[in-house]
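Biologist: Hello! I am new to this one and would love a friendly tour. Could you show me what we are looking at?

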Amino acid sequence: MYNFEYQKAGSVADAAKAATGEAKIVAGGMTLIPTLKLRLASPSKLVDLGGIKDLVGIKAEGGGVTIGAMTTHAAVANSAEVKKAIPALADLAEGIGDPAVRNRGTIGGSVANNDPAADYPAACVALGATIVTNKRKIAADDFFTGLFETALQEGEIVTSISFPAPEKAAYQKFRNPASRYALVGVFVAKTKAGVRVAVTGAGEGGVFRKKSFEDALSKNFSAAALDGIKVDAKGLNSDIHASADYRAHIISVMAKRAVAAAK
Amino acid sequence: MADMGIGVSVKRREDARFLTGNGTYTDDINRHGQTHAIIVRSPHAHARIKKINQAKAKAMPGVVAIFTGEDMKVGSLPCGWLIKNQDGSNMVEPGHPPIAQGKVRHVGDPVVVVVAETRQQALEAAEAVTVDYEVLPSVSSLKAATKAGAPLVWDEAKGNICYDWALGDKAAVDAAFAGAHKIVKIDLVNNRLIPNAMEPRAAIGDFDKATGDYTLYTTSQNPHVIRLLMGAFVLSIPESKLRVVAPDVGGGFGSKIYHYAEEAIVTWGAGQLKRPIKWTAERSESFMSDAHGRDHVTHAELALDKDGKFLALKAETLANMGAYLSTFATCVPTYLHATLLAGVYTTPAIWCNVKAVFTNTVPVDAYRGAGRPEATFLLERIVDIAAREMKMDPAEIRRKNFIQTSQFPYQTPVALQYDTGNYDATLDMALKMIDYKGFAGRKAAAAAKGKLRGIGVSCYIEACGIAPSAVVGSLGARAGLYECANVRVHPTGSVSIFTGSHSHGQGHETTFAQVVAEKLGIPSEQIEIVHGDTAKVPFGMGTYGSRSIAVGGAALVKALDKIILKGRKIAAHLMEASEKDVEFKDGKFTVAGTDKAKTFGEVALTAYVPHNYPITELEPGLEEQAFYDPLNFTYPSGCYIAEVEIDKDTGTLEIMRFVASDDFGKIINPMIVEGQVHGGIAQGLGQALLESCVYDKDGQLLTGSYNDYCMPRADDFPNFDVQHTDKPTPCTHNPLGVKGCGEAGAIGAPPAVMNAICNALGVVHMDMPATPEKIWRAANAHMARAAE
Amino acid sequence: MPTTVSMTVNGKKVSGSIEPRTLLVQFIRETLGLTGTHVGCDTSQCGSCVVHVDGKSVKSCTILAAQAEGSDVLTIEGVAKDGKLHPMQEAFRENHGLQCGFCTPGMVMSALDLVKNNKNPSEQQIRDWLEGNICRCTGYHNIVKAIAAGAKAMA
């Protein structure tokens with residue numbers, strides 16, 4: 001690891017002020033610290049959000065939930081509010097990484113990092129979540145802009161994420177057998193405004209919505225509705241673990257399973 | 001000592017320290033005044049080193065020294081086994097400098113060593129070292145290396161061939177094929193693996209300015225072998241001035257047998273700097289510097305008569321050696337592979353040709369099973385294909401060809417002589433354990449829920465208890481493969497055992513103590529097992545090839561017998577009896593037909609306080625040493641059966657049942673043996689389903705971390721049903737009747753599960769690892785066929 | 001620019017002057033000399049380094065010592081009490097749930113966290129929980145058995 005200054009921020013405002021230039025914000029650190037260990041990043045300063053109590057917590061609101069950015073995956077997985085409002089979201093959190101990772105990793109960190117194989121971006125997009133920052137509110141559709149890229153600007157920090165409750169939803173993940181990240185993850189949400197389907201792990205540009213699935217499922221919310229809808233392998237990842245063709249196929253299978261499992 | 005003797009599942013005495021964090025692994029050791037080494041490694045598969053720029057690094061804080069290949073001109077890391085070509089000439093044996101000289105030959109080849117006061121400083125300085133390379137064309141696969149006109153790893157190895165070796169009677173094989181009813185063929189790849197013991201390798205070199213003695217602490221399975229190889233061949237340090245300590249070692253699986261560059265670097269460097277140097281691998285460094293395993297490409301053919309009897313087998317194998325010859329590399333595809341191709345069958349004629357090939361990859365050497373998994377996979381796959389083509393039951397075609405119990409000792413056509421075995425017994429037991437007859441019903445039930453169910457049988461045999469020195473010597477081994485044990489009885493009757501075997505998970509401290517308790521009849525608290533330090537243990541060849549109990553245990557028994565013999569003489573004197581009337585049982589010397597008795601402790605005390613002692617006939621003291629050189633290999637065997645279900649939609653597979661029925665002869669500690677089999681099975685299933693080392697065409701390692709190299713996790717497996725045969729056949733030529741159990745699982749498991757997968761999918765063959773995508777593609781083809 | 005961190009480790013207040021980049025596992029192993037916590041990988045996957053921070057299992061190779069400032073840390077050295085193995089450690093011994101011992105401290109620490117969350121875990125729940133703990137020796141069979149037995153013994 002390269003050396004850096006370390007600062008524990010007392011408030012979001014402090015953190016925003018400190019997080020300029022070559023400084024980096026650390027939330028749970030589950031992605032950033034491994035990156036630093038491999039000397040793939042050399043921030044001048046780490047600004048730790050770990051001490052900001054306001055950023056932790058889950059509130060049931062308007063049928064949905066609002067989750068503080070520094071809430072751990074374990075807390076989301078075990079939250080009675082989340083289980084009641086959006087059980088699929090609790091299930092998703094329960095499946096992130098391993099228990100030790102879930103005890104440290106946070107929803108805000110995951111969303112701000114936008115790893116193309118992370119799970120939360122699929123939930124945010126499919127559920128039509130709103131990412132709340134210290135500066136504004138951003139619709140999930142506008143937030144994830146590419147591989148490890150988001151709409152966040154310098155000094156902008158995710159403070160919470162609001163998820164409206166769907167009628168039913170489910171997340172199905174096909175794990176990369178080695179890394180255990182999503183090789184393909186499909187989040188299906190049936191909402192009043194229609195069905196939304198988001199795919200993570202598979203796309204070259206990170207999370208994306210599957211329009212053809214959404215249209216079919218909006219008309220007929222059943223696994224059978226997806227029969228015969230071909231998923232184009234173009235734009236999907238291909239590596240030693242799976243070809244793009246296989247990923248395309250698995251997107252269909254996971255989507256059907258998510259529809260069948262939706263609750 | 002019924003509660004702690006042979007055959008009892010005694011709980012392990014080493015566990016308390018491991019469970020409380022008190023184990024002492026190499027990286028846990030720190031020496032006074034210690035410096036830290038970081039190794040700058042080649043990023044290229046093949047390149048000429050043009051210039052090493054180290055001025056900037058040298059000036060950085062804390063830097064103590066920077067060493068390159070030009071600085072460290074020492075001997076070559078040796079290869080321990082000379083293989084002869086078919087024409088009688090010697091294999092090509094290039095040098096292997098600890099630090100690259102002139103050229104680098106694989107990604108990870110050491111180029112520069114940076115030594116600093118702290119690890120962090122060494123890391124930073126290492127990053128400041130720049131090396132100018134002229135990148136050369138490279139070969140990273142067997143296929144690429146053996147293509148006409150391929151770039152050469154070594155100029156002296158034409159066509160990148162290290163050796164072209166054969167075993168068996170080709171004329172007899174050709175004749176049998178000419179008259180065969182059926183010939184079945186297979187082309188297969190035995191996938192390259194990375195051993196991944198959980199403890200990364202580490203080494204600390206120390207130098208005593210007062211005495212000029214060197215000490216190396218290292219993660220090794222065989223400290224005496226390292227002392228011999230490094231002292232004699234690399235650094236020219238006499239054994240008397242070099243101590244090698246292998247403390248607690250966190251798993252080996254073969255990868256910690258070999259003498260590695262880093263061991264020589266820190267030892268030599270400590271002498272240069274007159275300060276200790278510590279090096280600990282990061283995992284990503286382990287991936288590109290630990291010896292890899294397997295990596296064969298094989299074509300094989302089996303000839304059968306009309307009744308399904310095997311007439312002859314021929315196999316042609318390309319075996320990847322990597323860029324340099326590691327310690328045991330050359331014997332793995334030859335004497336540990338081709339010699340096992342008879343398996344448990346009476347195949348009368350066998351011929352095997354092995355071409356060892358250099359590539360620009362990490363050296364390949366023995367990994368759990370070493371050659372025997374490759375042989376068993378080849379054989380048990382082709383036998384399954386034969387059953388399919390002959391329309392015979394896979395279990396029955398095997399049974400039909402088994403060597404019968406009446407045929408032992410059985411001379412195979414590939415050099416080995418099996419002393420004993422009972423293959424029907426292990427097959428019958430495994431068939432019963434899995435309810436083989438009920439499979440059709442289970443397959444139908446699976447089909448009803450849309451799953452493809454398959455069953456796969458594998459009957460393995462291995463040659464363990466490595467090895468009779470005269471035999472291996474005649475085959476090119478450059479060392480003997482005996483073992484040494486020393487028994488020191490202390491005046492109060494407690495006992496220290498010094499064994500040349502090394503435990504890195506196998507539980508020797510418990511098992512060896514059981515042997516001592518059984519033989520001497522003393523409680524286990526009075527028995528100490530010492531291993532892993534050349535300053536304490538007289539000599540040793542270490543632990544690999546399932547040899548510890550079969551060879552090391554036998555040496556221990558011999559030394560204990562000497563103790564008892566001397567004890568009887570002392571006891572006879574004390575009891576004024578004739579030595580021939582003195583018996584030793586349950587820790588007591590007694591005179592037959594009398595109530596006279598002396599305890600083991602009394603005799604021990606007398607040996608050290610020889611007031612009343614046969615001093616003209618016997619020396620005082622009670623300490624004995626024995627070397628044991630085995631008369632033959634041991635031949636553990638068994639039958640493994642796997643049952644799998646496949647999800648056609650995704651190609652994911654679930655192992656529904658896995659049963660193992662093994663014949664390890666006599667068993668000292670059933671609990672430990674079962675644990676060894678579990679671990680072996682997991683590594684075997686890992687090879688079959690998950691693990692694969694992948695290089696790209698430029699020699700870059702694509703599977704260089706746990707993100708890409710798939711390590712088996714707890715949720716990949718079910719519980720394993722592991723049982724010992726009800727009709728064991730103890731080894732006939734060692735005093736304990738033991739055969740060894742460490743590698744069986746890794747040998748028997750891959751073909752069992754691959755046969756099950758091929759059975760479920762109705763395909764002839766699938767290469768390992770059977771990934772979901774591969775299975776899905778095969779399942780789709782299967783469905784397409786079914787629809788026709 | 002060294003900084004001082006203070007925390008409670010195995011019930012004892014400790015502090016040390018460290019660089020900010022120091023990982024918790026380095027602080028534990030190198031500053032405190034508690035070498036029972038191991039490092040088996042550099043990608044936060046193997047779990048040999050699992051300790052408890054404020055009662056929860058974390059990978060000590062993936063948290064800075066500075067982030068654990070003021071925390072209550074439990075390492076494998078603090079699990080046995082008064083020279084007696086904890087029931088979970090005893091269950092590992094009784095069920096031969098360890099071989100080389102390298103992954104064992106992390107396994108025990110993970111197992112203890114599992115039982116905190118689930119007093120009576122099923123075999124499948126144990127296997128799922130161990131996703132972040134890699135063992136190369138045991139094939140997991142006896143680890144799973146040990147954890148089930150340990151959970152029972154702790155009830």
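Modeller: Gladly! A word on terms before we start: contact means heavy atoms within 4.5 Å. Please keep in mind that this is a predicted model.

Biologist: How many residues of chain A and of chain C does their contact take?

Modeller: Here a residue counts when its heavy atoms come within 4.5 Å of the partner. By that rule, the contact takes 24 residues from chain C and 28 residues from chain A.

Biologist: Which residues of chain A lose the most area to chain C?

Modeller: Chains A and C bury about 2,300 Å² between them, with 58% of it on carbon and sulfur atoms. On the chain A side, three residues together give 24% of what that side buries. They are A:Asn3, A:Lys37 and A:Arg104.

Biologist: How many salt bridges does the rule find across the interface of chain C and chain B?

Modeller: In this interface, 45 residues of chain C are in contact with 50 residues of chain B. The area buried there is about 4,100 Å². One salt bridge joins B:Glu124 and C:Arg21, whose closest N and O atoms are 2.7 Å apart. For the interface of chains C and B, the count is five.

Biologist: Within chain C, are the contact residues of helix 2 and helix 5 mostly nonpolar or charged?

Modeller: The two helices pack at an angle of about 140 degrees, with axes 8 Å apart. That angle makes helix 2 of chain C oblique to helix 5 of chain C. Their contact includes C:Phe92 of helix 2 and C:Ile147 of helix 5. With one polar residue, no charged and 11 nonpolar, the answer is nonpolar.

Key
Residues numbered from 1 in each chain as written. Chains lettered and ligands numbered in written order. Predicted model: local features only at pLDDT ≥ 70, side-chain atom pairs only at ≥ 80, totals over all residues. Heavy atoms only, no water. Axes fitted to C-alpha atoms, helices over the stretch in contact; angles between N-to-C directions. Helix = DSSP H or I, 4+ residues; strand = E, 2+ residues; numbered from the N terminus. Parallel < 35°, antiparallel > 145°, perpendicular 65-115°, else oblique. Nonpolar A, V, L, I, M, F, W, Y, C, P; charged D, E, K, R; others polar. Buried area = accessible area lost by both parts, 1.4 Å probe. Salt bridge = Lys/Arg side-chain N within 4 Å of Asp/Glu carboxyl O.
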